[in-house]
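Good morning, everyone, and thank you for making time for this. Please have a look at the structure on the screen before I begin talking about it.

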Amino acid sequence: AKREGRGLFRFFEKSMEEEIEARRSLEVDIKRGVASGEFRPYFQPLVRLADSSVAGFEVLARWEHPQLGLVMPAVFIGVAEEIGVITDLTLGVLRQACEQSRNWSGDPILSVNVSPVELKEPALALKLLSMLAETRYPPSRIEVEITEDAVMTDIDAARAFLAAVRAAGIRVALDDFGTGYSSLSKLQLLQFDKIKIDRSFVVAAERDAGGRKLINMLVGLGRSLNVETTAEGIETAQSADHLTQKGCTYGQGYYFGHPMPGDEAARLISIPARP
Ligand code: C2E
Ligand code: CA
Ligand code: CA
Ligand code: CA
């Protein structure tokens with residue numbers, strides 16, 4: 001038994017070393033991938049619920065890894081934040097998205113995620129605006145998505161960033177709304193153009209009447225504040241119909257379309273809206 005225990009200990013010891021090594025090589029790999037442009041934009045449609053037309057796309061990063069294939073954000077966003085390459089990653093992906101979508105019909109907007117770590121960088125607004133100038137992409141067709149928690153982590157940094165981008169005509173959305181610990185009075189000061197109601201509320205509304213009351217309240221909150229609303233994670237026609245009926249402005253989710261590469265998104269946007 002003693003021997004076995006020791007063997008087990010050695011096993012865990014080795015696997016911990018392996019874990020550290022795997023993490024270190026992931027870090028090296030991410031840095032290399034950012035430098036060589038392996039992170040690519042995927043586009044998920046943002047649909048106007050009133051007429052089912054495509055208003056724009058949320059830009060979501062995907063890692064086209066030379067050996068592993070398509071890698072999802074859950075694997076690399078957190079690590080990219082910790083090793084200080086998240087801004088390069090996000091802006092690199094958005095730059096490609098701007099270049100690809102500049103000439104799409106209907107002037108769709110692109111909505112980009114900015115993480116709390118990026119928000120702390122004082123030069124972020126300047127970097128974003130100069131990238132848009134370089135790609136000749138109109139700022140009025142860009143929207144920035146910031147989570148409640150990011151805003152609350154550093155209210156002054158958030159306020160400075162939001163003031164700078166809004167002055168340039170960029171719109172600002174509050175992402176994952178309802179999941180954080182924000183004070184509504186503080187959020188209102190920041191003047192968001194749109195709130196994105198978190199997917200968990202859409203799921204709850206499918207489950208029972210209580211969930212529907214909650215989502216109706218969030219849509220109503222947007223309407224009374226004169227702020228547009230997007231419901232995230234719509235997977236069923238039933239959800240889409242309910243939210244349309246309650247006056248939610250936009251919908252996003254697998255029901256309307258998965259995140260897709262630029263060429264597919266370009267084809268989608270050329271389809272005319274429902275009359
Ligand atoms: P998010 O901003 O909340 O993005 C929405 C996530 O929900 C995306 O996951 C999207 O693919 C997924 N989704 C969309 N519709 C549905 C649906 O109907 N059902 C379900 N179950 N999921 C749906 P994804 O693409 O894996 O991205 C995860 C997170 O990674 C994003 O969450 C965002 O916070 C972050 N992220 C992605 N790209 C970037 C980036 O370029 N920069 C930064 N800073 N963060 C990014
Ligand atoms: Ca988002
Ligand atoms: Ca979200
Ligand atoms: Ca999220």
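I will go through the surroundings of ligand 1 and then the calcium ions, giving the meaning of each term as it comes up.

First, a word on conventions: this is a predicted model, in which local features need pLDDT of at least 70 and side-chain atom pairs count only at pLDDT 80 or more, whereas totals for chains, interfaces and linings use all residues. Residues are numbered from 1 along each chain as its sequence is written, chains are lettered from A and ligands numbered from 1 in the order in which they are written, and side-chain values use heavy atoms, with hydrogens and water left out.

Let us start with ligand 1, which takes up the space of the largest pocket. A pocket here is found on a 1 Å grid over the protein atoms alone, as an open set of points where a 1.4 Å probe fits, with protein on both sides within 12 Å along at least five of seven lines.

Which residues come nearest to ligand 1? They are R62, T90, E118, E235 and Y254, out of 23 residues around the ligand, where a residue counts if one of its heavy atoms lies within 4 Å. By class, this shell has 9 nonpolar, 6 polar and 8 charged residues; Gly is counted as polar, and Tyr as nonpolar. Strand β2, residues 54-65, gives the largest share, 4 residues, and α2, α3 and β6 each supply at least two; these helices (at least four residues) and strands (at least two) are DSSP runs numbered from the N terminus.

Three side chains place a polar atom by an oxygen atom of ligand 1: N113 at 2.9 Å, E58 at 3.2 Å and D176 at 3.3 Å, where the cut-off for a polar contact is a pair of N or O atoms within 3.5 Å. Taken alone, ligand 1 exposes 810 Å², of which the protein buries 79%, by the Shrake-Rupley method with a 1.4 Å probe.

Now to the calcium ions, for which donors are N, O and S atoms within 3.2 Å, and since water is not among the atoms, sites may look incomplete. The calcium ion that is ligand 2 is coordinated by E58, N113, E145 and D175, at 2.1 to 2.4 Å.

The calcium ion that is ligand 3 has D175, D176 and E232 as donor residues, at 2.1 to 2.7 Å. D175 lies in strand β6 and E232 in the loop between β8 and α11, so the pair ties together parts that are 57 residues apart in sequence. D175 also bridges ligand 3 and ligand 2, which lie 3.7 Å apart.

Finally, the calcium ion that is ligand 4 is coordinated by D176, at 2.5 to 3.1 Å, and 5.7 Å separate ligand 4 from ligand 2.

Definitions and conventions
Polar contact = N/O pair within 3.5 Å; in protein donor to acceptor, adjacent residues only side chain to side chain. 1 Å grid on protein atoms, 1.4 Å probe; cavity = no way out; pocket = protein on both sides within 12 Å on 5 of 7 lines; lining within 4 Å. Sits in = over half its atoms within 2 Å of the grid points. Donors = N, O, S within 2.8 Å, 3.2 Å for Na, K, Ca; no water.
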